[in-house]
Amino acid sequence: MTIDPDAFERYRRSPNAKTTLPRLLLGTAIVTLFWVATTIAVLVGGTYFFVLWQASSGAPIVGGAVQDFMATPTGILAALASFAGIWLGLWAAMRWVHREPLMALIGTSRRVSRSGFLKGLAAVLLTSLLSEILLYLLQPDIARGAIGVSSWLLFLIPIVVLTLMQISSEEALFRGYLLRGLANRFQNPLIWALLPGLLFTSMHWSPSSTAAINACVLASIAAFALLLTLVVYATGNLGAAFGAHLGNNLTGFLLISHQQSYNSFALFNAKPLEGAGWTTLDAVLIAAIGIVCSLLTILLLLHPRSPLKVEPDISHPGGSSLPAD
């Protein structure tokens, strides 16, 4: 299985002369500033109204106010909404630092590949089903979630919309802004692929989990980051990465949750990874399941005989196809 690099070469050559390393660092700092500021605003504002509501209803605050707020369904929605800060930061960086349109990060055609998005989504939903079956065989402790079906249906569209904003902002930053900018400056994939992948993976460290569980989660996330990077390399477009990332997160948010802090909207709750009782062998098997499922997703999206094989983005920004070299 080989990947034609032509689409990615067009993508990596698309930045203008203002995409220098100092400007990338400045742009990254701007994105981080917007993200942090938005997160603080959402947390402070949401917690303030949560405390007022608790006081008016006479309900006690068991833990810290912020922790109690983030454990509520509203808190989860607010956490997802805070990722709008990444999009705002990327818009500011692209407009004022690089003098490029924001949509240049999406692909050479400057639009999301619909077929790539749908194929990425379908592939990850299929392998997520396999993953959940294997995890159930490992740990069959699954309970019905607290949310009712009617409430689940009510929140379905808001969760999908906010999750799409969350995953698209992460992909636009890590597989778009950073990967595209670094690939434009450096030929070595150990720089343009590994550095954004390591940053993305490190974001998933959980201080409440054991070292073994953190190691298994980070290994699984690293394999998933490899998958996302490969589909961008194969297509020169973020569409397939959007779909794959969305499928992964929606499975955890809406269907079967493995995180106690994000299970408010899930129909079923599995044993939380941050909980006690996991052995080192369990961690190894969980990592193996995550890595194998990511590799299977890569096959589904990149194997030439797969019905879900993604296609390269070979269009001009206006939408017409580029002539063959």
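In this predicted model, pLDDT stays under 50 over residues 320–325. For this segment the model has 13 contacts beyond four places in sequence. Across the chain, the average pLDDT is 90, and 95% of the residues score at least 70. Among the elements of the chain, the lowest mean pLDDT, 76, belongs to helix α3 (residues 65–70), whereas the highest, 97, is that of α5.

Helix α5 spans residues 84–97 and includes Leu 90. The relative accessible area of Leu 90 is 0%, and the residue is therefore classed as buried, the cut-off being under 20%. Not counting residues up to four places away in sequence, Leu 90 touches Val 31, Leu 102, Leu 105, Ser 169, Ala 172, Leu 173 and Tyr 177. Leu 90 and Phe 34 are separated by 56 residues in sequence, with a C-alpha to C-alpha distance of 8.8 Å.

At the surface, a nonpolar patch of about 1000 Å² is made by Met 1, Leu 129, Leu 130, Ile 133, Leu 134, Tyr 136, Leu 137, Ile 142, Phe 268, Val 292, Leu 296 and Leu 299. Two or more residues of the nonpolar patch come from each of α6 (114–138) and α12 (280–302). The most is given by α6, which provides six residues. Val 292, one of the patch residues, is found in helix α12. Its relative accessibility is 43%, so Val 292 counts as partly exposed; this value lies between the limits of 20% for buried and 50% for exposed, and patch membership requires over 30%.

Conventions: Residues are numbered from 1 along each chain as its sequence is written. This is a predicted model: local features need pLDDT of at least 70, side-chain atom pairs count only at pLDDT 80 or more; totals for chains, interfaces and linings use all residues. Side-chain values use heavy atoms; hydrogens and water are left out. Helices (H or I, at least four residues) and strands (E, at least two) are DSSP runs, numbered from the N terminus. Buried means under 20% relative accessible area, exposed over 50%, partly exposed in between (1.4 Å probe, protein chains only). Contact means heavy atoms within 4.5 Å. pLDDT is the predictor's confidence in each residue, from 0 to 100. Patches are made of residues with over 30% relative accessible area and no salt bridge: like charges are joined within 9 Å, nonpolar side chains (Val, Leu, Ile, Met, Phe, Trp, Tyr) within 5 Å. Accessible areas come from the Shrake-Rupley method with a 1.4 Å probe; for residues, only the protein chains shown count as cover. A salt bridge is a side-chain nitrogen of Lys or Arg within 4 Å of a carboxyl oxygen of Asp or Glu.
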